[in-house]
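The following exercises concern the structure shown below. Each one states a task and then works through the solution step by step.

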Amino acid sequence: MTVSGGAYLALAALLFSIGAVGLLIRRNVLVMFMCVELMLNAVNLTFVTFARMLDDIGGQAVVFFVLVVAAAEVVVGLGIIVAIFRRRAGATADDLHILKG
Amino acid sequence: MIHAAWLIPAFPLAGFLLAVVAGKRIGEPGAGWLATTAVAGSFVATCVTFAGLHQLQGEERHVVDTLFTWIKVGHLDVHAGLLIDPLSITMALFVTGVSTLIHLYSIGYMHGDERYPRFFLYLNLFVFSMLMLVLADNFLLTFLGWEGVGACSYLLISFWFERDSAATAGKKAFVTNRVGDFGFLIAMFLIFGAFGSLDYAKVLPYSNLLTSGTATAIGLLLFLGACGKSAQLPLYIWLPDAMEGPTPVSALIHAATMVTAGVFLMVRVSPILTVAPDVLTVIAIVGAATALFAATIACAQDDIKRVLAYSTISQLGYMFLAVGSGAYTAALFHMITHAFFKALLFLAAGAVIHGMHDEQNMKRMGALRRYLPITSGTFIVGWLAIAGVPPFAGFWSKDDILANAWDKSPILWAVGLVTALLTAYYMTRQVILVFYGEARWQTAEGHAEPHEAPPTMTLPLIILAGLAAVAGAINLPFAKTAVLEHFLHPVLETTQHELVASGAHKVLFAAIATAAALVGIALARSAWSRTAERPELEPDVLQRAWRVDESVSALVGGPGRGLADFTAYSVDKNVVDGAFNGVAELVRRGGEQLRKVQTGYVRNYALGVAAGTVLLFAYVVVRVAN
């Protein structure tokens with residue numbers, strides 16, 4: 001049995017929406033970070049799906065770039081988050097508004 | 001032979017460059033002889049080119065020698081090229097010829113000056129610029145020469161810049177000329193706009209395609225430029241003050257050559273003027289008014305050089321009267337004869353000043369003919385020529401102009417005739433005050449006796465006196481003898497009217513002009529031969545040149561200054577600076593409001609990003625749907 005491309009795209013759209021809503025409504029920095037990852041991977045899934053549907057290797061190649069960039073972003077992001085946890089007890093994104101110019 | 005024309009400007013340019021590099025090392029007489037040789041070489045090159053041109057026939061006498069591409073931007077394509085035609089070669093002949101003589105004269109006159117080499121450096125640069133002006137094959141190159149002679153004029157008027165008056169006179173000349181140059185520049189813009197080219201060959205033959213409005217605008221603006229350079233009303237005020245320069249400079253630049261550049265320009269663009277008859281009328285009126293105005297002032301001046309300066313303005317007025325009457329040949333004819341006799345008069349005046357140990361006031365001269373025999377003899381030839389006594393040169397050229405002025409309007413002719421009478425009067429007054437009567441200088445100061453000038457100074461005087469006597473022969477008003485007119489014919493339309501051609505009128509006009517000259521001479525003789533003090537004949541208003549300088553000072557210093565202050569302290573401070581500061585303030589306040597967007601809450605930013613994405617998406621969907 002083969003799953004149709006449309007189902008994959010629907011799943012990707014669902015994952016992306018979960019990520020986007022999570023980013024907007026959650027206050028915990030770590031959770032927000034996970035939401036961003038969720039959105040990124042939803043996009044990756046879209047790319048792979050289209051690559052298979054259109055029989056074009058380009059989509060899969062782009063995914064590799066996204067993975068590499070996401071890995072780099074995780075390193076920087078987690079570094080910042082660890083630095084924040086060292087300074088203060090909780091980790092609410094709103095607490096950090098004191099950093100504005 | 002004709003393609004060696006580039007040598008004509010190359011000689012003085014080489015002389016200039018040599019003087020720049022090694023002028024100080026060459027030292028006193030050497031630098032002068034070097035410069036003189038350079039200009040003499042240029043004169044020889046001009047003669048050779050003239051001979052080459054003379055071999056060609058009629059319409060072929062129009063040779064363009066392109067040297068190199070000067071400016072090429074978009075449609076603007078300007079070459080540095082020489083236009084050899086009868087008009088330019090006639091100008092070049094008398095420019096280089098008179099310049100050679102004046103260079104020779106300067107060797108003696110500038111003897112002992114501490115900036116001797118620099119003087120000749122400037123003179124050579126001037127001759128080069130003047131030759132570029134007359135030989136150029138396009139408006140822009142002519143303008144380059146035009147500005148070059150202006151700069152040299154400035155440098156040479158204020159040559160003795162330690163004197164305050166000389167420095168001020170130089171500035172005055174420069175600033176006044178800028179007013180005219182503005183007209184020249186705008187005219188060039190209009191010409192380029194109308195024809196897409198600045199080459200004479202691509203503009204002048206097609207000038208009848210111009211609308212009369214454009215032609216009138218171009219003609220008037222070019223005439224404004226000519227007014228500045230050739231000292232016509234109302235831009236003449238710099239020329240009398242230009243006499244602060246050394247006398248050879250007055251002779252070369254401010255009498256014989258540079259000031260004729262305006263007349264040359266008008267003759268060069270005569271095809272455009274033909275399309276705009278209104279401009280010709282304006283030129284004729286301004287010329288006649290200037291001629292009369294300057295002549296009245298010359299009647300009451302005491303400075304020997306100032307009389308000649310106002311006389312120059314007056315004679316230039318004659319030339320413009322001729323141009324305005326459509327008699328271009330007559331204008332050129334008078335320009336040539338004037339170059340000879342006015343250069344002669346100035347150089348002779350310089351010899352008098354030299355001999356009198358820098359005394360310029362004619363009231364403190366007198367009886368000098370016994371001490372300066374050569375100078376006085378040549379000066380008297382110049383006097384007869386400018387007064388219009390036959391058969392000297394000035395008679396023929398002035399007569400030609402008056403006859404043509406009659407054809408334009410009898411009023412202009414009458415003004416010209418009165419000016420001729422005044423010319424004879426003030427020149428006779430000058431001759432009597434300087435060379436005849438009692439020796440007033442002995443009583444004034446017990447100085448050494450006046451002495452005759454050295455041979456390098458008297459030789460040019462003698463040559464110029466010869467030319468001033470016979471130069472009328474180049475264009476005698478008889479059918480076969482109008483050599484100049486026949487030579488210039490391919491360039492200038494024939495403007496000889498029925499009137500001039502008919503013999504009886506010609507004789508009548510000549511008789512009236514001669515009578516006017518003789519009356520002027522007789523009046524001056526009866527008034528000045530016994531005494532040098534006739535205050536009733538020298539009213540204050542004329543001595544002060546109709547108070548024009550004072551009026552200009554009062555106008556510019558009073559309301560003009562007020563306007564400038566108003567512009568600076570009200571308009572500039574509030575409107576211009578206000579607009580500038582207002583924009584800055586607007587940006588500052590806008591930024592202050594805008595910074596409130598930065599809250600520091602990540603969710604706000606995320607919401608913004610999400611909303612933006614949705615909007616973009618919606619926009620794309622709507623566009624694709626349509």
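**Exercise 1. Determine what share of the contacts in chain B with a separation of 6 or more comes from residues 24 or more positions apart, and describe the make-up of the chain.**

Step 1. In this predicted model, residues 24 or more positions apart account for 81% of those contacts in chain B.

Step 2. Chain B contains 26 helices and two strands.

Step 3. Of its 626 residues, 51% count as buried.

Step 4. Taken along the principal axes, the C-alpha atoms of chain B fill a box of roughly 110 × 60 × 55 Å.

**Exercise 2. Describe chain A, and decide whether its radius of gyration is over or under the value of the globule rule.**

Step 1. Chain A has three helices and zero strands, and its pattern along the sequence reads α-α-α.

Step 2. For 101 residues the globule rule gives 13 Å, whereas the radius of gyration of chain A is 17 Å. The value is well over the rule, so chain A is more spread out than a compact globule.

Step 3. The C-alpha trace of chain A spans about 50 × 25 × 25 Å along its principal axes.

Step 4. Of the 101 residues of chain A, 8% count as buried. Among the contacts in chain A with a separation of 6 or more, 48% come from residues 24 or more positions apart.

**Exercise 3. Establish whether A:Asn44 is buried or exposed, and which residues it contacts.**

Step 1. A:Asn44 is located in helix H2 (residues 29–54) of chain A.

Step 2. A residue is buried if 20 or more other C-beta atoms lie within 10 Å of its own. A:Asn44 counts as buried because it has 20 C-beta neighbours inside 10 Å.

Step 3. When neighbours within four places in sequence are left aside, A:Asn44 is in contact with A:Val63 and A:Val66. A:Val63 is 19 residues away from A:Asn44 in sequence, and their C-alpha atoms are 5.6 Å apart.

**Exercise 4. Analyse the pairing of the strands S1 and S2 of chain B.**

Step 1. Strand S1 (residues 63–73) of chain B pairs with strand S2 (residues 76–84) of chain B in the antiparallel sense, over nine bridges.

Step 2. Two partners illustrate the pairing: B:Lys72 has B:Asp77 as its bridge partner, and B:Asp65 stands opposite B:Leu82.

Step 3. The two strands form a hairpin with two residues between them. In the turn, B:Gly74 has a positive phi of about 55 degrees.

**Exercise 5. Check the length of helix H20 of chain B against its expected span, and identify where its buried residues pack.**

Step 1. Helix H20 (residues 455–470) of chain B has 16 residues, which should span 22 Å at 1.5 Å a residue.

Step 2. The end C-alpha atoms of H20(B) are 23 Å apart, which agrees with the expectation.

Step 3. The buried residues of H20(B) include B:Met457, B:Leu461, B:Leu464 and B:Ala468.

Step 4. The buried residues of H20(B) pack against helices H3 (86–109), H15 (328–355), H16 (373–387) and H17 (393–408) of chain B.

**Exercise 6. Examine the backbone in three loops of chain B.**

Step 1. Most residues other than glycine have a negative phi, and most peptide bonds are trans.

Step 2. In the loop between helix H8 (212–229) and helix H9 (238–241) of chain B lies B:Pro234. The peptide bond from B:Leu233 to B:Pro234 is cis, with omega near -5 degrees.

Step 3. B:Ala231 also lies in the loop between H8 and H9 of chain B, and its phi is positive, near 55 degrees. B:Ala231 counts as buried because it has 31 C-beta neighbours inside 10 Å.

Step 4. The loop between H16 and H17 of chain B holds B:Pro391, and the bond from B:Pro390 to B:Pro391 is cis, with omega near 5 degrees.

Step 5. B:Asp358 belongs to the loop between H15 and H16 of chain B, and its phi is near 65 degrees. B:Asp358 is exposed, because 7 other C-beta atoms lie within 10 Å.

**Exercise 7. State how many residues of each chain form the contact between chains A and B, and give the predictor's scores for the complex.**

Step 1. Nine residues of chain B are in contact with eleven residues of chain A. The side of chain B that touches chain A has five nonpolar, three polar and one charged residues.

Step 2. The predictor gives the complex an ipTM of 0.75 and a pTM of 0.78.

Methods
Residues numbered from 1 in each chain as written. Chains lettered and ligands numbered in written order. Predicted model: local features only at pLDDT ≥ 70, side-chain atom pairs only at ≥ 80, totals over all residues. Contact = placed C-beta atoms within 7 Å. Nonpolar A, V, L, I, M, F, W, Y, C, P; charged D, E, K, R; others polar. Helix = DSSP H or I, 4+ residues; strand = E, 2+ residues; numbered from the N terminus. Expected span 1.5 Å × (residues − 1). Buried ≥ 20, exposed ≤ 12 C-beta atoms within 10 Å, placed from the backbone. Rg over C-alpha atoms; globule rule 2.2 N^0.38 Å. Pairing = 2+ DSSP bridges.
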